[in-house]
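Subject: Structure handover and notes

Dear colleague,

I am passing on the structure below, followed by my notes on what was found in it. Please read the notes with the coordinates open beside you.

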Amino acid sequence: MMENAWLIPIFPLVTFLVLLLSGGRLRERGAYIGIIFTLASFVLSVLALVERLTAPTYKTTMDWLSIGGTQLTAGFEINQLNALMLVIVSFVSLLVQIYSLGYMKGEERFSTFYAYLGFFTFAMLGLVMAPNLVQLYFFWELVGVGSFLLIGFYFYRQEAKDAAKKAFIMTRIGDVGLLIGIILLFWETGSFEYEEIFQAVQAGVIPDGSITLIAILIFIGAVGKSGQFPLHTWLPDAMEGPTPVSALIHAATMVAAGVYLVATMFPLFLASDAAMQVVAVTGGFTAIFAASIATVQKDIKRVLAYSTISQLGFMMLALGTAGYVAGVFHLMTHAFFKALLFLAAGSVIHAIHTQDIERMGGLWGRLKWTGPLFLAGTLAISGFPLLSGFFSKDEILMAAWANGNYFLFSLAVITSFLTAFYMFRLFFMIFAGESRIQAEQVKESPAIMLLPMLVLGILAVVGGYIQTPWFGTFLGEWLVEGNEAVLGSGHSEGPVWIMLLAVLIALAGIFLAYMIYAKTKLPREWLVKKDSTLYRILENKFYIDEIYYFTIVQLIKGIGLFLSYVERFIIGGLVTTVTGSIEGLGKIGSKLQSGQVQQYGMIAFLGLAVLLVIFALTGGYLR
Amino acid sequence: MNVYLLSLLVFSPLLGILMISLMPKKEERTIKQFGFFGTLPPLILSFFLCSQYYSGVALSAFSIKVDWIRFGNLEMYDPKLFAVNYELGLDGLSLSFILLTTIVSSLAAMASIYIKQGWKGYYLLFLILEIGMLGVFTAENLILFFIFFEMTLVPAFFLIGRWGFLEREKASYYFLIYNGIGSAVLLVAILILFARTGTTNIAALTQMMTMGGVSLFAPISSSMKYGLCLAFLIAFAIKLPVFPFHSWMVRVHAEAHPSIVMVHAGVLLKIGAYGIIRFAMGIFPEQYESLALALVLMGVISFLYGAWLAMVQTDFKLVLAYSSISHMGIVMMGLGALNEAGLQGAVFQVISHGLIAALLFFLVGALYERTGSTMLPNLGGLARSMPVFSGFLLACGLASLGLPGMSGFISEFMVFLGLFKGQPLLAAIAVIGLIFTAIYILRAVMLMTFGKNDSLEEKEKRDIEGWELVPALVLLGLIIAIGVYPNLLGGPIQSTIEAVMLALGGR
């Protein structure tokens, strides 16, 4: 099966092409094309994964571009990590496409939406299958375009337009770092292929300084794509896209590509302590930073967006503290519960047509399916015992502890508390308390939307059992199989109290949120006063957008203005000089045509004299 | 048969010229048809050449050499001395430029349907221009090259000055002055070379200058070589153009008719890059190498300067004009990188930008036909009324900003790959330009297509349709084909690049 794996990304590409060429005539039928082809991809992915469980890594390549003596190749590879990613991506994409049948009902550009989804799925699947860095970069940019198209799907809305542009440009900043990293790595190792790069790294032929520099440059790419600080500002804005898109791209798959990149390049990062430190600190800081913002946001999708940033920070923290398995494991569980949360949020929005959580409340009884499913996702992300997020978060805490980085460990613990708190704040504000909306206006979503949520809900609950300290660490052992020396063991050992602490912290967060938002025993301002500076800072997301606007954007605009003056006066002056002198020459020339024979004779004589002088000085010619 | 093929190719537009000149002035429809059909013979011949190449025929088999002009009376010493032959030839590099020329010309002739008056003169000049372009890329000696080069200037001057926007006459005037200066410098350099060596054959000159060992008719000192190399560089840098010689080209982009700009940006500017590779780099590798840093610097400045100015323009045509300067900066950087990756990237960039610029200006023409404006503040919301147009515009914009899967990525990637090897510091500065490119392209494209207010009047709300899809699809198809499988273009140009690199590094 693995030799036919190239078909996996081709199917969604076919969707894209068919729907694009049909020019919207298919309308809702386009959705079925998309779903069928994605289903085919999913089935193939599962088959590839099953085969990969026992078979060795499969890789095939062909010549793609020759530069002098260097052959760049294109091909694909099926190893543990990307076999797992293929399944996650095609699966979430399939569910989201089914869900969208209900959510996007009545949309005029239905088939365009599915065309874009197909394009994104193609690019994302291609990204995870790439066997070398050029191909990875190739698809890395394409997923960016897919994301851009889908964020800007409602192109007539100013916010969507700005958000799409911002997403593309912010991630492009990261991409430039990645590009430089790839190029420098090529000149150090002479190859773009993962295997050859890792061999060169392990052979120690690259100077330490270069490894650190290259690893950090590659990490900048991951920072852009995964919305890590300081390039995170595009991700919350990206919520302007349709909600299923947020679930697929901005929660489960594309934003995890940065984590995937670091995981793929893990041997390179491991070779540099400094680079690992950068990854861990960036991840840890982003985790707590985004979590703190999420505690005061009022838009249901933005809370989830900041939560995504925070959770991605968690994964980076895990990878940076050598917790390869922990990072990948959390990537997987997060894909399930965050996709679930977004779809459930979409279902809420679908029912009451607002995203403002202050206008929600009392929906528990009204949304009989969405409510419990949202709760399952919330419990999973909060690290409630025995749900998927509990196990993966525990694995991350263990990794951080085992790495001996106690500062980052405590950051992670605080973030866990904040996570439980803000997620249950969200949950209670939506579902508990007084209803603020007329009962007859609230309608539960159709089965076509609930079904994908139900599947994800089950996975969010039980998905963690493939890697537990009690029943076995199947995932971890399989992921590092044959590569233990580099990737570390399949499971981080740590003291038992860490798990207990994690449980207590999660419960404490839930309890606090319960007291404030459900029981209203404590006032909402119990934690931070509404008019305090801290509240304002959090509400305005630490003013990062404003800082960028007043520094970088203004600087670029200023230089642009300056250069347009250069263009007008200096270059314009040059043009005037050139044309003026040509015209001047012409005028002099025409004045000489005076018709006076004496004047002609004198000029001829002078010219002859000049020529003779030159001849005498140079002996005939200039050398 | 084979030896006449190139002459046939170069002069085949004469057929169209003949047919059009027999038509009365008023026959708009027929003239336009003939004008378009006139570009087909070279197109078909170039495809035939291409298929011959792929079926394994050596390109040298197509060379033709006929005695033409002889200066002086020196046969008794050496019959080759001071003789200028009529000689045309082909290699992989010129083949790809020829294909670019014939394809872009045919599509531009199609786009010329938008021309409103003076069709007869327009198409006559257009076809003469094509002869000139084809000749430039096949000429085997400098004199012939120069003749064809001038043959592109004169028709282009009239085409810009007569069929264009408001300030077209001023634009054509600047075009003439700047290109005239370039030509003058070029002519002086060519004549000095001719006087000193007794030949203008490019291959012979390359041999003499790089290998040495051949006794020259008159010696050339090393400082003279620098002077000549510099003269070639300046002449072609004006043509390309690079900062600070660019302002003529901005005016031409903004004021000439879009179908002329398709040819101008698509092919004419590329003669600059072709000339640098063939003459400055090919004939004077040693001198070129020591001047390469200056080329990179000019390239980096053009790249950033063009991008920065493209960010603040309010006319879409000007955005594209500055974007062209920026993209020609990439060519310069590649040419200055002095390694295979850089040089190959530069050639890719030339071809790729030719296709992208042609498509963008085709779209400008189609848009102007409907809206009567290319000012960004007047446009918006086109995605609603013209979804296909907007799709092409976005795809082409993405190609222009170097999206993988499109030709622009391959060239930018290779240029930066090469530049980071040779000049890492300058490369690190230049790479910021990639972000700016994304900013200005998205800004312009989104201002036009996104947003609520629809700028089109009800009666003009028609998407691009019918024949208009042909140029758009062909160009986009080529852009994607090169982007997905770059060896398509990499194969033919490989041997030329290797030869040039051998001379550069072979001493």
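To begin at a pairing that is easily located in the viewer, strand 1 of chain A and strand 2 of chain A, the latter covering residues 70–78, run antiparallel to one another and are joined over nine bridges. Please keep in mind throughout that this is a predicted model, and that the values below are computed from it. Within this pairing, A:Asp63 has A:Thr73 in strand 2 of chain A as its bridge partner, while A:Thr60 is bridged to A:Phe76 of strand 2 of chain A. The hairpin formed by the two strands has two residues between them, and A:Gly68 there adopts a positive phi near 60°.

The contact between the chains

Chain A contributes 43 residues to the contact and chain B contributes 44 residues. On the side of chain A that touches chain B, the elements giving two or more residues are strand 1 (58–67), helix 5 (133–151), helix 6 (158–189) and helix 24 (544–592) of chain A. Of these, helix 6 of chain A provides the largest share, with 14 residues. Sorted by class, this side of chain A has 29 nonpolar residues, together with seven polar and seven charged ones.

Helix 5 of chain A, one of the elements on that side, is mostly covered, since 19 of its 19 residues are buried. Its length also agrees with expectation, because 19 residues at 1.5 Å a residue should span 27 Å, and the end C-alpha atoms of helix 5 of chain A are indeed 27 Å apart.

Chain B as a whole

Chain B has 23 helices and two strands. The radius of gyration of chain B is 22 Å, close to the 23 Å that the globule rule gives for 507 residues, and chain B is therefore as compact as a globular protein of that length. Along the principal axes, the C-alpha atoms of chain B fill a box of roughly 75 × 60 × 45 Å. Of the 507 residues in chain B, 60% count as buried, and among its contacts between residues at least 6 apart in sequence, 79% join residues at least 24 apart.

The nonpolar core

The largest nonpolar core has 424 residues, and those with the most contacts inside it are A:Leu86, A:Val262, A:Ala339, A:Leu340, B:Met262, B:Ala358 and B:Leu363. When residues up to four places away in sequence are not counted, B:Leu363 touches B:Phe389, B:Phe392, B:Leu393 and B:Cys396.

You may also wish to look at B:Leu142, which is found in helix 7 (residues 142–162) of chain B. Is B:Leu142 buried or exposed? With 26 other C-beta atoms within 10 Å, B:Leu142 is buried, as the cut-off for that class is 20 or more. Leaving out residues up to four places away in sequence, B:Leu142 touches B:Ile190, B:Leu193, B:Thr200 and B:Ile202. By contrast, B:Leu142 and B:Ala109, which are 33 residues apart in sequence, are 29 Å apart in space from C-alpha to C-alpha.

Backbone points to check

Two cis peptide bonds deserve a look in the viewer. One runs from A:Phe229 to A:Pro230, with omega near 5°, and A:Pro230 is found in the loop between helix 8 (208–225) and helix 9 (234–237) of chain A. Another joins B:Leu240 and B:Pro241, with omega about -15°, and B:Pro241 lies in the loop between helix 10 (222–239) and helix 11 (247–255) of chain B.

Positive phi values also occur outside glycine. A:His353, in the loop between helix 15 (324–352) and helix 16 (370–382) of chain A, has phi near 55°, although it is not a glycine. A:His353 counts as exposed because it has 10 C-beta neighbours inside 10 Å, where the cut-off for that class is 12 or fewer. A:Tyr543, likewise a residue other than glycine, has a positive phi near 55° and is found in the loop between helix 23 (533–539) and helix 24 of chain A. With 12 other C-beta atoms within 10 Å, A:Tyr543 is exposed.

With best regards

Notes:
Residues are numbered from 1 along each chain as its sequence is written. Chains are lettered from A and ligands numbered from 1 in the order in which they are written. This is a predicted model: local features need pLDDT of at least 70, side-chain atom pairs count only at pLDDT 80 or more; totals for chains, interfaces and linings use all residues. Two residues are in contact if their C-beta atoms, placed from the backbone, lie within 7 Å. Helices (H or I, at least four residues) and strands (E, at least two) are DSSP runs, numbered from the N terminus. Ala, Val, Leu, Ile, Met, Phe, Trp, Tyr, Cys and Pro count as nonpolar, Asp, Glu, Lys and Arg as charged, and the others, Gly among them, as polar. Two strands pair if DSSP finds at least two bridges between them. A nonpolar core is a set of buried Ala, Val, Leu, Ile, Met, Phe, Trp, Tyr and Cys residues joined through C-beta atoms within 7 Å. The radius of gyration is taken over C-alpha atoms; the globule rule is 2.2 Å times the number of residues to the power 0.38. The expected span of a helix is 1.5 Å times one less than its number of residues.
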